[in-house]
Amino acid sequence: MIKSINISKLGLSLFIGIIACLLSSCDNEVDIQQAYPFTLETMPVQTKIVRGETAEIRCTLRREGRYDEARYTIRYFQPDGKGTLRMDDGTVFLPNDRYPLDREVFRLYYTSASSDQQTIDIYVEDNFGQCVQLTFDFNNENEEKEER
């Protein structure tokens, strides 16, 4: 009878110990990943352009995960040359102004306004501080060379 009481106490102690370990490791907060890495992929882009010509940049935003509250913006900067960049919906970008990016597949159109070498930097950022940058260089091609 004493042995059965000791075994019962040992079993009860073991059960309480297991329950205590399980409950102490619980956390009321649910871990939800919000910031997923992403990239901006493009099709090959022409590198020769003349003044007034437009180059098409086909873009795809590739996200490694989904979070409903993730928001993306796009902006550009032009360190060399002159030109304009617009979105396929007609939005003309101003340098360093952010514009909402609500699609994952889109096209950008760069129109040259210069006869010099031109460079544009495109930045896509999410609302968690992650940023992807792409740089495009366009060399001027003399109109005289094209006419020959």
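## Starting from a loop

Where is Thr 47 found? Thr 47 sits in the loop that runs between E1 and strand E2 (48–49). Please keep in mind that this is a predicted model.

Thr 47 has a relative accessible area of 43%, so the residue counts as partly exposed. Once its neighbours within four places in sequence are set aside, Thr 47 is in contact with Asp 137, Phe 138 and Asn 139. Thr 47 can also be set beside Gln 117: the two are 70 residues apart in sequence, and their C-alpha atoms are 10.0 Å apart in space.

## Salt bridges

How many salt bridges does a search of the whole structure find? The search finds nine. One of the pairs is Glu 41 with Arg 62, whose closest N and O atoms are 2.9 Å apart. Glu 41 belongs to strand E1 (residues 38–42) and Arg 62 to strand E3 (residues 54–63), so this salt bridge ties together parts that are 21 residues apart in sequence. Glu 41 is partly exposed at 37% relative accessibility, and Arg 62 is partly exposed at 44%.

Another pair worth a look is Glu 56 and Arg 58, whose side chains meet in a salt bridge with an N to O distance of 2.9 Å. Glu 56 has 27% relative accessibility and counts as partly exposed; Arg 58, at 38%, is partly exposed as well.

## A buried pair across distant strands

Turn next to Glu 125, which forms a salt bridge with Arg 75; here the closest N and O atoms are 2.7 Å apart. This pair links distant parts of the chain, with Glu 125 in strand E8 (residues 118–126) and Arg 75 in strand E4 (residues 72–80), 50 residues apart. Are these two partners buried or exposed? Buried means under 20% relative accessible area. Glu 125 is at 11%, so Glu 125 is buried, and Arg 75 is at 17%, so Arg 75 is buried too.

Some salt bridges share partners, and in this way Glu 56, Arg 58 and Arg 107 are joined into one network.

## Strand E4 and its partners

E4 takes part in two antiparallel pairings that can be followed from Thr 73. E4 runs antiparallel to E8, and seven bridges join these strands. Thr 73 stands opposite Glu 125 in E8, and that Glu 125 is the salt-bridge partner of Arg 75.

E4 also pairs with E6 in the antiparallel sense, over three bridges. In this pairing Thr 73 stands opposite Pro 100 in E6.

## The nonpolar core

Which residues touch the most other members of the largest nonpolar core? They are Leu 108, Ile 120 and Ile 122, in a core of 26 residues. At least two residues of this core come from each of E1, E3, E4, strand E5 (83–87), strand E6 (99–101), strand E7 (105–112), E8 and strand E9 (131–140). With four residues, E3 gives the most to this core.

Ile 120 makes a good place to look around. Not counting residues up to four places away in sequence, Ile 120 touches Ile 57, Tyr 76, Phe 77, Gln 78, Pro 79, Leu 85, Tyr 110, Leu 134, Thr 135, Phe 136 and Phe 138. Phe 138 brings us back to the loop, where it is among the contacts of Thr 47.

Note on methods:
Residues numbered from 1 in each chain as written. Predicted model: local features only at pLDDT ≥ 70, side-chain atom pairs only at ≥ 80, totals over all residues. Heavy atoms only, no water. Salt bridge = Lys/Arg side-chain N within 4 Å of Asp/Glu carboxyl O. Buried < 20%, exposed > 50% of the residue type's maximum accessible area, 1.4 Å probe, protein only. Core = buried A, V, L, I, M, F, W, Y, C linked by side-chain atoms within 4.5 Å. Contact = heavy atoms within 4.5 Å. Pairing = 2+ DSSP bridges.
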